[in-house]
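The following exercises are to be worked through with the sequence and the coordinates at hand. Each task is followed by a solution in steps.

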Amino acid sequence: MACATSDPEFTMNDTTYDRIYTIVRQIPIGHVTTYGRVATLAGLDGKARLVGYALFKVATDSPEIPWQRVINAKGEISHSSLREGSDYLQRALLEAEGIQFDDRGKLDLKRYGWPTPWA
DNA sequence: GGCTTGACCAATG
DNA sequence: CCATTGGCCAAGC
């Protein structure tokens, strides 16, 4: 099979997941985005559910992906039964990037939202 | 191949 | 603000 692409990251087929990985990797430090936003940027507008599901799978398989910078539309960190207890870890990682959280564990999307400027 | 579950979102009441 | 509903797609059984 002929692979004309020189980039090892784009040698894979443009599957749903590969697009999500690419978007998440482009999130700069100190900024965050929502699942819906990633879905839209990945061409999966309205399918935010896929982002969450796919991202979770790659999170454990691809530590190079800053999945911690992806949160829900409420500007809060989502948590699942499996990740319950690790929610603090995600928050700690974001705080380490200079992101401040509210008492309720929320952050200001207007300030940390990406891509900027936030709508 | 059909049913259930899932890190979601937007709209409605 | 919280609860409920509909939608969308993929993976597991």
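A polar contact is a pair of N or O atoms within 3.5 Å. The model is predicted, and the exercises below apply this cut-off first to the DNA strands.

**Exercise 1. Determine which residues come nearest to DNA strand B, and describe the polar contacts made there.**

Step 1. There are 13 residues around DNA strand B, and R49, F56, W67, A73 and S80 come nearest. Of the DNA strand B atoms within 4 Å of the protein, 48% belong to sugar and phosphate.

Step 2. Consider the bases. An N or O atom in the side chain of R49 is 2.8 Å from a base nitrogen of DNA strand B. Y35 also places a polar side-chain atom 2.9 Å from a base nitrogen of this strand.

Step 3. Consider the phosphate. Here a polar backbone atom of A73 is 2.4 Å from a phosphate oxygen of DNA strand B.

Step 4. Assign the surface to elements and classes. Helix α3 supplies the largest share of the surface near DNA strand B, with five residues. By class, this surface has six nonpolar, six polar and one charged residues.

**Exercise 2. Carry out the analysis for DNA strand C: list the residues around it and state which parts of the strand R49 and Y53 contact.**

Step 1. Around DNA strand C lie Y17, K47, R49, L50, Y53, K57 and R104. Sugar and phosphate make up 68% of the strand's atoms that come within 4 Å of the protein.

Step 2. R49 has a polar side-chain atom 3.1 Å from a base nitrogen of DNA strand C. For Y53, a polar side-chain atom lies 2.8 Å from a sugar or linking oxygen of this strand.

Step 3. The element that gives the most to the surface near DNA strand C is α3, with four residues. The classes on this surface are three nonpolar, no polar and four charged residues.

Step 4. Combine the results for R49: its side chain is 2.8 Å from a base nitrogen of DNA strand B, and a polar atom of that side chain is 3.1 Å from a base nitrogen of DNA strand C.

**Exercise 3. How many salt bridges does the structure hold, and where do their partners lie?**

Step 1. The structure holds two salt bridges.

Step 2. In one of them, the side chains of E97 and R69 meet at 2.8 Å, N to O. E97 is in the loop between α4 and α5 (109-112), and R69 is in the loop between α3 (48-61) and β2 (70-71); the pair therefore ties together parts that are 28 residues apart in sequence.

Step 3. Apply the burial cut-off, under 20% relative accessible area. E97 counts as buried because its relative accessibility is 18%. R69 counts as buried because its value is 10%.

Step 4. R91 and E95 form a salt bridge whose closest N and O atoms are 3.4 Å apart. Both residues lie in helix α4, four residues apart, about one turn of the helix. R91 is partly exposed at 31% relative accessible area, and E95 is partly exposed at 38%.

**Exercise 4. Which residues form the nonpolar patch on the surface, and where is L89 found?**

Step 1. The patch consists of Y88, L89 and L93, which together have about 290 Å² of accessible area.

Step 2. L89 is found in helix α4 (residues 87-96). With a relative accessible area of 38%, L89 is partly exposed.

**Exercise 5. Is N72 buried or exposed, and which residues does its side chain reach?**

Step 1. N72 occupies the loop between β2 and α4. Its relative accessible area is 12%, so N72 is buried.

Step 2. The N72 side chain reaches the backbone nitrogen of E76 at 2.8 Å. A polar contact of 3.2 Å joins the side chains of N72 and S78.

**Exercise 6. Where do P115 and P117 lie, and what is the geometry of the peptide bonds W114 to P115 and T116 to P117?**

Step 1. As background, most peptide bonds are trans.

Step 2. W114 and P115 are joined by a cis peptide bond, with omega about 0 degrees. P115 lies in the segment after α5.

Step 3. The bond from T116 to P117 is cis, with omega near 0 degrees. P117 is likewise placed in the segment after α5.

Conventions. Residues numbered from 1 in each chain as written. Chains lettered and ligands numbered in written order. Predicted model: local features only at pLDDT ≥ 70, side-chain atom pairs only at ≥ 80, totals over all residues. Heavy atoms only, no water. Patch = residues over 30% accessible without salt bridge, like charges linked within 9 Å, V, L, I, M, F, W, Y side chains within 5 Å. Areas by Shrake-Rupley, 256 points an atom, 1.4 Å probe, with all protein chains shown as cover. Salt bridge = Lys/Arg side-chain N within 4 Å of Asp/Glu carboxyl O. Helix = DSSP H or I, 4+ residues; strand = E, 2+ residues; numbered from the N terminus. Buried < 20%, exposed > 50% of the residue type's maximum accessible area, 1.4 Å probe, protein only. Near = heavy atom within 4 Å. Polar contact = N/O pair within 3.5 Å; in protein donor to acceptor, adjacent residues only side chain to side chain. Nonpolar A, V, L, I, M, F, W, Y, C, P; charged D, E, K, R; others polar.
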